[in-house]
Amino acid sequence: MSADDPEIPFEEALENLERIVDDLQRGELDLAASLASYEKGVALLARCQALLDGVDRSVALLTGVEADGTPITAPFDASATPDAPARPKAAPASDGDEIDPPF
């Protein structure tokens, strides 16, 4: 399969892309071979991104279940996901005063 083959599976495209990056980082290829590898890598990266975009569109959140067992779903919005988990609040002190977390 070639890099621009629309049927190449994600895992194979990623593996090929990693191999190209390794080859380019070693710096052992001549300029023409480096350019050809870079172009193939760009095509593989585009394929991987297209596959990931398709997965993003197909992921749904289960929001409930109908009485007959049919799932109720909503589209997953990855942009609404925070980058880091929320920090827990400190538990109140025994005398009722709150203590700020040390972080």
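These are my notebook entries on one predicted protein model.

**Entry 1: Overview**

I began with the chain as a whole. I found 2 helices and 2 strands in the protein chain. Reading along the sequence, I wrote down the pattern α-α-β-β. I then looked up burial: of the 103 residues, 14% count as buried. I also checked how contacts are spread along the sequence. Among contacts in the protein chain with a separation of 6 or more, 35% join residues 24 or more positions apart.

**Entry 2: How confident is the prediction?**

Since this is a predicted model, I looked up the confidence before going further. The protein chain has an average pLDDT of 78, and 69% of the residues score at least 70. Where is confidence lowest, and where is it highest? The low end is strand S1 (residues 60-65), with a mean of 77, and the high end is H1, with 96. I made a separate note on residues 87-91, where the pLDDT is below 50. That stretch has 6 contacts in the model beyond near neighbours in sequence.

**Entry 3: The nonpolar core**

Next I went looking for the largest nonpolar core. It has 6 residues in all: Ile8, Ala13, Leu17, Ile20, Leu44 and Cys48. The elements that each give two or more residues to this core are helix H1 (10-26) and helix H2 (31-58). Which element gives the most? It is H1, with 3 residues.

I picked Leu17 from this core and listed its contacts. Leaving out residues up to four places away in sequence, Leu17 touches Gly41, Leu44 and Leu45.

**Entry 4: Helix H1 and its two sides**

I checked the length of H1 with a little arithmetic. At 1.5 Å a residue, its 17 residues should span 24 Å, and the C-alpha atoms at its ends are 24 Å apart, so the two values agree.

Then I asked which residues of H1 are buried. They are Ala13, Asn16, Leu17 and Ile20. Looking down the axis of H1, I saw that its buried residues fall within an arc of 100 degrees, so they line one face of the helix. I added a reminder from my course: an α-helix has 3.6 residues a turn, so residues three or four places apart point the same way.

What do the buried residues of H1 pack against? They pack against H2. On the face turned away from the buried side, I found the exposed residues Glu11 and Gln25. Just after H1 comes Gly27, which takes a positive phi of about 70 degrees.

**Entry 5: A closer look at Asn16**

Asn16 lies in helix H1, and I wanted to know how it is placed. Its relative accessible area is 18%; the cut-off for buried is under 20%, so Asn16 counts as buried. Not counting residues up to four places away in sequence, Asn16 touches Ile8 and Leu44. Both of those residues are on my list for the largest nonpolar core.

**Entry 6: Salt bridges**

How many salt bridges does a search of the whole structure find? It finds 3. I reminded myself that side chains of opposite charge can pair when their charged atoms come close.

I started with Arg19 and Glu15, which form a salt bridge whose closest N and O atoms are 3.0 Å apart. Both residues lie in helix H1, 4 residues apart, about one turn of the helix. Arg19 is partly exposed, at 41% relative accessible area, and Glu15 is also partly exposed, at 47%.

I turned to Arg26 next. Arg26 forms a salt bridge with Asp23, the closest N and O atoms being 2.5 Å apart. These two are 3 residues apart in helix H1, so about one helical turn separates them. Asp23 is partly exposed, at 25% relative accessibility.

Arg26 also forms a salt bridge with Glu28, with the closest N and O atoms 3.7 Å apart. Glu28 is exposed, at 63% relative accessibility. I drew Asp23, Arg26 and Glu28 together, as they are linked in a network of salt bridges.

**Entry 7: Tyr38**

My last look-up was Tyr38, which is found in helix H2. Is Tyr38 buried or exposed? With a relative accessible area of 52%, Tyr38 is exposed. I also compared its position with that of Ile20. Tyr38 and Ile20 are 18 residues apart in sequence, and their C-alpha atoms are 7.4 Å apart in space.

Key: Residues numbered from 1 in each chain as written. Predicted model: local features only at pLDDT ≥ 70, side-chain atom pairs only at ≥ 80, totals over all residues. Heavy atoms only, no water. Core = buried A, V, L, I, M, F, W, Y, C linked by side-chain atoms within 4.5 Å. Buried < 20%, exposed > 50% of the residue type's maximum accessible area, 1.4 Å probe, protein only. Contact = heavy atoms within 4.5 Å. Expected span 1.5 Å × (residues − 1). Arc of directions from axis to C-beta. Salt bridge = Lys/Arg side-chain N within 4 Å of Asp/Glu carboxyl O. pLDDT = per-residue confidence, 0-100.
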